[in-house]
Amino acid sequence: MTLKDVQMVLDARVLVGEEHLDREVRGACGSDMMSDVLAFSHDHAILLTGLTNPQVIRTVEMMDMVCVIFIRGKKPDATILQMARERGLTVLETDHRMFNACGMLYDAGLRGGH
Amino acid sequence: MDDKIVFTYDVPADDFSRAGEASSDVKSKLKQLGTPPDAVRKVAIAMYEGEINMVIHANGGTITVEISPRQVRMVLRDRGPGIPDVDLAMQEGYSTAPDEIRNLGFGAGMGLPNMKKYTDEMHIETELGVGTTITMTVNL
Ligand SMILES: Nc1ncnc2c1ncn2[C@@H]1O[C@H](COP(=O)(O)OP(=O)(O)OP(=O)(O)O)[C@@H](O)[C@H]1O
Ligand SMILES: [Mg+2]
């Protein structure tokens, strides 16, 4: 699926990187612990998280992930959005909670890594 | 041997939000040098985990990165408290990080195991009250 599909499944708002919505997504990871994310290997993956500090963007950068989705009530600040912009990432925001957001993407065919 | 490039970074002690800048810089340098993406990612992840550890467990330190045609070698040196039991620290899930670090997204006890997993060689030298030096290499 593409980032656009992810956005539609989650009724998400695009905060950064509208121009990259045609990118392909091949896997997903949902976590608030960055080293858990860093243990995961999947190309073209996306991260769902409730953590809002700059290390989220750095983790995504190190992993070559393409998108971060902030779940319900977790607002990234301007610094985080600017970092994402500089790195050519897409940032989405959804009103769904973590469990539901992951479930909806799983239903749509997206899988986690190993 | 002359085609070795060396970079040195200071990792500041008390600035969590800037932790990872060194790893980010190395990552973009390796990309510019045309290093295979898979190797770039391994270096980036291993160094980033080490850099974060230096900030949250060891009051910062210095990182030296040597890039040669056949490998990338990272040396992370700190003057922190040292690691009392390295075998224990290497276990997945072992962490001494307090709650305030966990709230920042770290402290899963996965950093050192990740560093081992993503590198071809890893060596830890540590002395209590003196500091820790971690050397990692990724073959190209
Ligand atoms: N440079 C260091 N100096 C002193 N102690 C360290 C250092 N690096 C790691 N440790 C110790 O080893 C433990 C395990 O480290 P590891 O990186 O695996 O997990 P963590 O940093 O606690 O959590 P995570 O990496 O998952 O965010 C740490 O909790 C800490 O006690
Ligand atoms: Mg760690």
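Biologist: How many residues surround ligand 1?

Modeller: In this predicted model, the closest residues to ligand 1 are His57(B), Ser95(B), Thr96(B), Gly107(B) and Met110(B). The shell around ligand 1 divides into 10 nonpolar, 10 polar and two charged residues, and the number of residues that surround ligand 1 is 22.

Biologist: Which chains share the site of ligand 1?

Modeller: On chain B, α2 (37-57) and α5 (111-118) each supply at least two residues of the shell around ligand 1. An oxygen atom of ligand 1 also lies 3.1 Å from an N or O atom in the side chain of Ser35(A). Because residues from both chains surround ligand 1, the site is shared between chains A and B.

Biologist: What percentage of the accessible area of ligand 1 does the protein cover?

Modeller: A polar side-chain atom of Asp78(B) lies 2.9 Å from a nitrogen atom of ligand 1, while a polar backbone atom of Gly111(B) is 3.0 Å from an oxygen atom of ligand 1. Of the 600 Å² of accessible area that ligand 1 has on its own, the protein covers 96%.

Biologist: Is the pair of Phe16(B) and Phe106(B) stacked or edge-to-face?

Modeller: The structure holds two aromatic pairs over all chains. In the pair of Phe16(B) and Phe106(B), the ring centres are 6.0 Å apart and the planes are at 75°, so the pair is edge-to-face.

Biologist: How many residues apart in sequence are the parts that this pair of Phe16(B) and Phe106(B) ties together?

Modeller: Phe16(B) lies in the loop between β1 (5-11) and α1 (21-32) of chain B, and Phe106(B) lies in the loop between α4 (99-102) and α5 of chain B. The pair therefore ties together parts whose separation in sequence is 90 residues.

Notes:
Residues numbered from 1 in each chain as written. Chains lettered and ligands numbered in written order. Predicted model: local features only at pLDDT ≥ 70, side-chain atom pairs only at ≥ 80, totals over all residues. Heavy atoms only, no water. Near = heavy atom within 4 Å. Polar contact = N/O pair within 3.5 Å; in protein donor to acceptor, adjacent residues only side chain to side chain. Areas by Shrake-Rupley, 256 points an atom, 1.4 Å probe, with all protein chains shown as cover. Helix = DSSP H or I, 4+ residues; strand = E, 2+ residues; numbered from the N terminus. Nonpolar A, V, L, I, M, F, W, Y, C, P; charged D, E, K, R; others polar. Phe/Tyr/Trp six-rings, centres within 6.5 Å; stacked < 30°, edge-to-face > 60°.
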